[in-house]
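Visitor: Could you take me through this structure, please?
Guide: Certainly; let us begin once it is shown.

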Number of protein chains: 2
Amino acid sequence: MRDTPPAEIRQLTRAGQWAGTTVGHAPGCVQANLVVLHRELAYDFLLFCQRNPKPCPLLEVTEVGSPLITHVAENADLRTDLARYRIFRDGELVEETGDISTYWTDDMVGFLLGCSLTFEAALQKVRIPVRHLDVGSMVSVYTTNIECASAGCFSGPMVVTMRPIPGRLVSKAVTITARHPISHGAPVHIGDPAAIGIADLGRPDFGDPVPVYEGETPVFWACGVTPQTVAMRSKPALMITHAPGYMFVTDRRADELHLP
Amino acid sequence: MRDTPPAEIRQLTRAGQWAGTTVGHAPGCVQANLVVLHRELAYDFLLFCQRNPKPCPLLEVTEVGSPLITHVAENADLRTDLARYRIFRDGELVEETGDISTYWTDDMVGFLLGCSLTFEAALQKVRIPVRHLDVGSMVSVYTTNIECASAGCFSGPMVVTMRPIPGRLVSKAVTITARHPISHGAPVHIGDPAAIGIADLGRPDFGDPVPVYEGETPVFWACGVTPQTVAMRSKPALMITHAPGYMFVTDRRADELHLP
């Protein structure tokens, strides 16, 4: 699947012929986190994204009621083109499913947010090792004690991804990811995990742990799973998201979206 | 006034002791365009900004009903801290005033958008001449045939500012302003005015004309006056904006807001 074009990944997923993650797929193409809400909560969430651009960098917002993506992908349908979705009711994860057609109503709005899977290709391109890709596991994801700026009914802690980076390459990792603002941009924290409320790097809240070797520094980037912890705190009647690692793959190349 | 701190500019304006423009004031500090709308139109406008980040780069959105700015300035009140406002009713400019307290209702939302007055200081710092500042006039502003991405009830043409730049400095001007994405970022067009629907550079739609000398290229940046032309097209019952050149001056330095 690694070199399958985005449109084909979406088509295979829609047809039920691919149900895996998108980790490492379509390198260089922008992948996206998904949030779906009823229109009555859309203003608060849009404002939440505006106030928290690092965890929630907006790529596209659908028209009210339309599941179709028109800007970052062609012939794309948010109801079917991701392999795994999560249904949150009143802040509780009640179901994971491969198709949300039965949940979609004509007052729903879909939000696509940038994703750190995108900048990993940029890191590798300049020879910065990405541990979890090298060992074939999921990125380590942690809930922090960094409080997001609230907006209306939405508030909650920032979720981050962690990658161990050799000390001499940390500056380079900052510089490269700063050039990808819509894929979470530069790190939000570099160094001591305890300073942002992470007690044990070996026990991530999502994904898999990875070893941090001598001479390496833990580097933390804001993560698009943040809306899921915000959902748990804010308890909207219904919020639909992607399942971590099962992203929407856009047709757009990172370079294309990030050029000024 | 040039070196008066932002907090004092706002205080003098509030007290009615300063009623002039903010052009060239508080160099290095971020200045902002203002849009005020009733809550019922706030989602559409927020989405319009998300879809048109070049003309409408959002700096801060107030809480519903609150005229207070808390993120980019302290002790700031949107009802009184700008020297001149424009009142649009059903798409028509019906009044200019120095105080909008009597218009403010408890369902209003204020939007501050970045402004090109901010990046002019950055241009001058690297010795790129800014003609209208050198001759002491207002920047030249034009309505183009570039259609903004619409959002709900809001649609309309993009408004741009033009600065003549010596050909050998155009690359530098692009690079510097690309680093200021919340002040409209890199130019949207460089060269032939007719290509974006401008028939005569000598007759700007707002502001003053400036000469373009031999060896200079007209360079066009997206402009925060865009919401005013959008108001004329979209005809919201009430939209309040700043008057061009009479901006909200924030406490934040451009470097501070633009660092990743």
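**Overall size and the open sheet**

Guide: Chain A has a radius of gyration of 17 Å, which agrees with the value near 18 Å for a compact globule of 260 residues. That radius is taken over C-alpha atoms, and the globule rule is 2.2 Å times the number of residues to the power 0.38. The model is predicted: local features need pLDDT of at least 70, side-chain atom pairs count only at pLDDT 80 or more, and totals for chains, interfaces and linings use all residues. Residues are numbered from 1 along each chain as its sequence is written, while chains are lettered from A and ligands numbered from 1 in the order in which they are written.

Visitor: How many helices and strands does chain A have?
Guide: Chain A has 7 helices and 13 strands. These are DSSP runs numbered from the N terminus (helices: H or I, at least four residues; strands: E, at least two).

Visitor: In what order do the strands of the open sheet come?
Guide: The order of the 4 strands in chain A is E8-E9-E11-E10, with antiparallel pairing. Two strands pair if DSSP finds at least two bridges between them.

Visitor: Which are the edge strands?
Guide: Strand E8 (140-147) and strand E10 (189-190) of chain A each pair on one side only.

Visitor: Over how many bridges do E8(A) and E9 of chain A pair?
Guide: E8(A) and strand E9 (residues 157-166) of chain A pair over 5 bridges. Ser140(A) has Met162(A) as its bridge partner in E9(A).

Visitor: Changing topic, what percentage of the residues of chain A count as buried?
Guide: Of its 260 residues, 48% count as buried, meaning that 20 or more other C-beta atoms, placed from the backbone, lie within 10 Å of the residue's own.

Technical notes:
Buried ≥ 20, exposed ≤ 12 C-beta atoms within 10 Å, placed from the backbone.
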